[in-house]
Structure formats: structure tokens, C-alpha cells
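Colleague: Could you take me through a close look at one part of this model, step by step? I am new to reading structures, so plain words would help.

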Amino acid sequence: MLVPIKYNVRNLLVRRTSTLLTVFGIGVSVAVFVAVMALVEGIRQTFVATGEPLNVLAIRNGAQSETGSLIEPSSALVARAIRGVGRGEDGEPLVSVERMVYVNQPRVTSGSSNVVMRGLGATGRTLRPVARLVEGRWYVPGRRELTVSRTIAARFRDCSLGDELVTGRAHFKVVGIFDAGNTAFASEMWTGAEDIASAFERVNYSDILARAADRGSVRSVIDALAEDPRMHFDARSERAFYSEQTKAATPVQILGNIIAIVMAVGSAFAAMNTMYAAVASRGREVAVLRALGFSRAAIALSFVTEAVLLSIAGGIVGGVGVVPLNGLSTGTTNWFTFSEMNFHFAVTAPLFAQGVLFAAIMGLAGGILPALRASRMSPATAMRAL
Amino acid sequence: MYRLVLKNALRNRRRTVLTALSVAVSLFLLVSLRTLTIEIKGDSLMTEQSTRRLITRSGVSLAVPLPLADRERLRRVPGVDVVSAYQWFPCFYKQPREPMIVIGADPDFAGTDPEYPTTNAADLAAFRADVSGVLIPVKMMQRFGWKVGDRVTFTGTIFPFNLDLTIRGTFTGPAQNAPVCQYRLINELLRRTMPSRADRTMAFILLTSHRPPAAIAREIDDTFRNSDVPTRTESEKDFVLGFASMLGNVALLITFIAGAVVFAIVLVATNTMSMAVRERTHEIAVLKTLGFRPGQVVAMFVAESIVISGGGGIAGVVGAKLFFAVFDIYTMTNGMIQHFNIQAPTVVLALAVALTMSIVSAVVPAWRGAARPIAAGLREVA
């Protein structure tokens, strides 16, 4: 026969101060865990949401990112004539050969960071329907104009509608603001490919984006780009390329895991403390339970349950405490592209569940030893104790 | 009185140990996080000399290279002793997942700077004489088990070629970060594979000694204001700080986490002290009967808390010191974090936190216990 859970719940309620302190202690650990994971999840969501299923992206073989890819102009020309590529309404092949630079720009707050300036080919915008104009107009190629993502406009100086962005000898006029949802393009400023070439004396291209005519030809476009011996391309579907960029979150994830584990150890000690105190002050109750016929195992299980209940409460408190972070947007440097990446904290239901599970494990770790102690008490001595 | 405090602290040994351990773990974390925020700002590279080394790069960003011809104009700026090309070669050694950088510089740059001391003059001469020679930081030599004379290949990740280099010597010093090879070699390979990028360098590095570096930097940027590529010149220190500011809110985030850690320990310690007070309701009443004032009783509990949490705090700080002395962070993070010096101010901060929280956590429960009327306390059955 098992000891009713109600007994545990009431015990926790009776020892209010101690319970609350422990719950909050565990809650803080869980909050840190969930917050860091929400950050990682936000970065992941951004990259996973980027890319169109039919698009194929090629960068130089060995490059880690688009900004770190240098493609000779001659190779880029070859790429325009690939079979299997779709055609736009005007009959032109849907291929955008692009140049990317990053521009060191002061933040609105303090400090500065590298912001990606992407010079698109004529069809570049058609290939990225996710970007919608929300204010002003699109840049006109050749006029040194920029259309800037809403997040960048809000976070960086001289990037708002009507501003003039001066970098080096180049002057760019911000003529519009676009919204690219929660994708990697939300961290970019767009202009024409030739504007980048003339403004920064940069003849090399960075990437080639092509739209396959249909699902069946995606593979052949990838192969055509990757296998041409004249070029050294690493071609992948655009979605696969950006999903792989999720690795940018790895350092944060590792750091977060280490912190969470260390904090969990500390919290488990605290839970153990609380449970030992609970066991010690309830010697007589335990004895009465034994006298009523509850087995040693039932008593051990009861105390473990109590510890787990206590920590689950902590997990819920911690998880709920982090919910306000959800959707909060922030930015840091992506060390693979060497430029600013913006993302939102994403506190998702699975993360919340993970946090509670994490707490339950802490409770289990902290509860087992005190529970065993309780189950080993001899009823006779326990009864005699004051 | 002191003996009573100590005796009390040791009365419930298990609880004392658990609390102290909990505090120790938290302070270990606090010290590590604080050091991390200091180190990601490149603090260990910040030496007096790093304010005298200037880096001149394009005003746009590092993505836009400077023409090599600028070197002559830079040499003519008064106060500039040595000018060298400064080109990063992003690459990896065998493991694509462990990116690193090789620095290409002019041969007379390495060994000139007092902060890049080479092991010996013969090695330095050998490096300067060999266009495909490389100087390797001592730590990296140890990590990969290399010897002077070994041939190593770094696979390029931005440029379409690899560097096949012969190790000619080693160097130590605070700038323990990257191997140094000859810029000439990188440029030669660029001419062959990517002529449009050849004869340009990511930046120049300048050694100055007798003029204020800020004045030199201003003069350089004024000189190039109306050239094709306007420059931005700053000390190596500010250059590194610039990278730290690119991290944006990460440092703030870590600080938040550290705050949460502190808050968590206060809760744990308060719980312990309130348990101790509750257990001794009876004793408190007896002490008061004997003539102890409530203030004295509170002081006793505070002292006990300081013994427990202070002990835990010292254990945590010493533990962190030992941990990072035994385990090399450079090897653990595959060279991503180069240094991890736990500095004196961090230690002081951590101990101050331990002290403050041990006092804070004891005062409230102790005061509630001590303020109780004697009769009520005596009547209470533990």
C-alpha cells in the first residue's frame, strides 16, 4: 500500500517557509536553464525558418559562410547558364549572383558591430519572397540606395528611413525598410550587387542563389554547381545551408549546459538539506505510518515523491518566470559570418517541459538519501523520540 | 561564545556540509562567470604594449582590404617605427570544426615587438630566411605535440589555398593566440589563385614608441581621409575591445545569470539558518533567561552563518582557482578561450558576496527567533 500523495502535499504546505525557499532556489536554476535554452532555440528557429525549398545556394568550397566566401567573377558568369534553373516572367533565369560585405556600424545603444550589406542580383528579391517592404520603397540598383531590415534599422545608427549611411568613401541612402519575419535576412541591409562592387572595390562575388524549375531539378542544379571543375563551389539547398548555420549557437549551448549542470548540483544539495530536515522532524509520523502497516519501501517512495513534488513546483515557478522573455529580441555576433545576428528568445512548450523534467531530476537526486534514511528508522525508537 | 558558535555550526554536521557545498558550488560558478566576462573582453591581451601597437584598417570594416602600397605612406608618419602587413588567414588544422587563424606579417615584424619574444635568435633568423616558415605559440606547440622543424598544413576556409609551412620557432607572451607566418607567402598564393584580391592586406600593424599613439592614429586617418580607402586606426587594445562590443548583450546575459546564482545561494542559506533557529527555539529562550540580549543572540546566529557560508565560499573560490590551474581552459575549449586568469578583484568580489549573503540570510530568521518572548519559546516543543 502506498502513502497517499495528499500526505506529502500537506506536509509541504505546513512547512511553508522552508518549502518556498527551496522552491525558489530550484526555480532560479530552472529559470537560468530555460532562458539559455530559449536563446539557443531562438537562434535555431531563425536559421531553420530561412530559405525557400526550391532554392539552391552555392558558396566557395571550404568557406564557412556567405560572408567568408570569395568567388572569382569568371566562375560567377559560368553559373548563369545552368540547366534546370527556373525562369521568371520575363524569361530571365532565376539566378542571383551576389556580393556581401559587412560594414562596421555603431549600435543605437553603445558599441558597434558588423552588419551584413547584401548586394543582390536583379532576381535576388524574387528569390526571397519572405522579405516584404513595410516602409519607403525598394532600392534602385546603381543608385547607392539601401533597403534595410526593420530590426537593423531599430538597432543601428544611420540605418533608418531617410538616413544617409556613410562608410569609408561610400554614401548610401536608406530608401526603405523591409520585414523578413524571423529569418536570417532580418539581420541584413540590401542593395544592388554592382553598388557593392563600386562602393567597396570588391569584384569578387560571395554567393550564387538559384531557383530550380521544379522539385525534380533541385538535385541536378546542386550537382551542376558542385561538380563543375572550373568552379570550386559548395552547393546545397538554401534550407539545408541555413539549417547548418545553427552551429552558431553551439558555444552558447555548451556554456548554458555547463552553467545549468553546476547550478543543478547546488540546488540538489539544497533540496537534500530541506528533505533531511523534513525527515528529522517527522520521526514520530514515520513511526506511526510504519505502525499502521506501511512498508519501508512505501515510506521511502513517499519521501522521494515529496522531494520531486517540491522540485517540480520549483521547475514550474522557474519556467513561468522566464516566459516574459519570450519574443524578446536581441543581437550578438555570429562568429561564423563575423556579423550581427538578431533573434528572439523562444520559450517553447517542449523547453518548459524540459525545465520541469530537469527540476524533477534535481529533486530525485536530492530526495533519495533522506528518503532511505526515513525508511530505515526503527519505529520503536522513532516513536520514543520527542 | 566563539566556541558556542563553532559547536552550533557543527551540531548538525550534515546540514552544515550540504549548505557549505551548495554555497561552494555557487561561488565556483560566480567566479568562473565573472572571469569569463572579463576574458571575453580580451583582458589578458590588454598590456601596456598593446596600447602602443596600432592597427590600421579600412574605415568600412575588415571585409574591405587596404592596398599594400599604403605601407610606404604609413612608414613616413612620424612616430611609426615598424609597419607590417597584417593579414588573417582563417583556416583549420585537420579538424574543420576547430577554426583558427594564422597571421601573415612582414618577416621583420616578428621578433621586433617586445611582446612577441621568440625562443632564440637563431630560430628567428631561420624564420625570416624562409618564406614558408612559421612561428608557433608555445601553447599550441604543446597542444598538437609539434617540434621545431615539423611541416604543418593549414587548410584555408576563405582563401582558396592551403598554407604548407615549416615550424621555425616558437614564441611566448600575452598574445598567445595565433601562429605567425610571412605575408609574402599568402600574397604570392593570392596572386596565383585570386588575382583580384592580391596586393591588398586586411590591415597594417604598426609599432610605435615615442609619440602618443592616439596622435599617430589621428594623423594616419587624416592622411588617408581622401584616399580611395579611408582608414580607421586604433590601438590593438581598442581593436580587441571592438570585438568584445560586437558580442553585444552576451556579457550582460552572463551577468544576469551570475545575479541569479547569487540569489539562489541567499535562498539556500536563509533556509539553513531558519532551520537552525527553529530547532533551537528552546535554547534561545534559555540564553535569554540567562541574560543574553536579543542582539547578542542574533549576532551569534550571524556568526554561525558566516562560519558555514564563509567556509563554503572560500572552498568555492579556492576550488575554482585549483580547477582552472589543473585543467587548462585552452585545451578544454580547443583554443577558443585562450586565457582564464582569475584575478584578485574577482576573488575579493566573490568573498564579499559570500560574506554579505551569509549575514543577510541569518539576520531575518535569527531576529524572528530572538524577538520571541521567553515564555513562548520555553513552552514550544521542538
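Modeller: Happy to! In this predicted model, the C-alpha centres of domain 1 and domain 2 of chain A are 46 Å apart. Domain 1 of chain A is made of residues 5-48 + 248-384, while domain 2 of chain A covers 62-231. Where they touch, 14 residues come from domain 1 of chain A and 16 residues from domain 2 of chain A.

Let's stay with the domain 1 side of that contact. At least two residues each are supplied there by α2 (16-48), β11 (329-334) and β12 (339-344) of chain A. The most comes from β12(A), which gives five residues. By character, the residues on this side of domain 1 of chain A are four nonpolar, nine polar and one charged.

Now let's move to a helix in chain A, α5 (residues 193-200). Its buried residues are A:A193, A:D195, A:I196, A:A199 and A:F200. These residues sit on the same side of α5(A), because the arc they cover around the axis is only 160 degrees. A general point helps here: an α-helix has 3.6 residues a turn, so residues three or four places apart point the same way.

And what covers the buried residues of α5(A)? The cover includes four strands of chain A: β2 (95-106), β3 (112-120), β7 (170-179) and β8 (188-192). One last detail to find on your screen: just after α5(A), A:E201 has a positive phi of about 50 degrees.

Conventions. Residues numbered from 1 in each chain as written. Chains lettered and ligands numbered in written order. Predicted model: local features only at pLDDT ≥ 70, side-chain atom pairs only at ≥ 80, totals over all residues. Buried ≥ 20, exposed ≤ 12 C-beta atoms within 10 Å, placed from the backbone. Arc of directions from axis to C-beta. Contact = placed C-beta atoms within 7 Å. Domains from an automatic or database assignment. Nonpolar A, V, L, I, M, F, W, Y, C, P; charged D, E, K, R; others polar.
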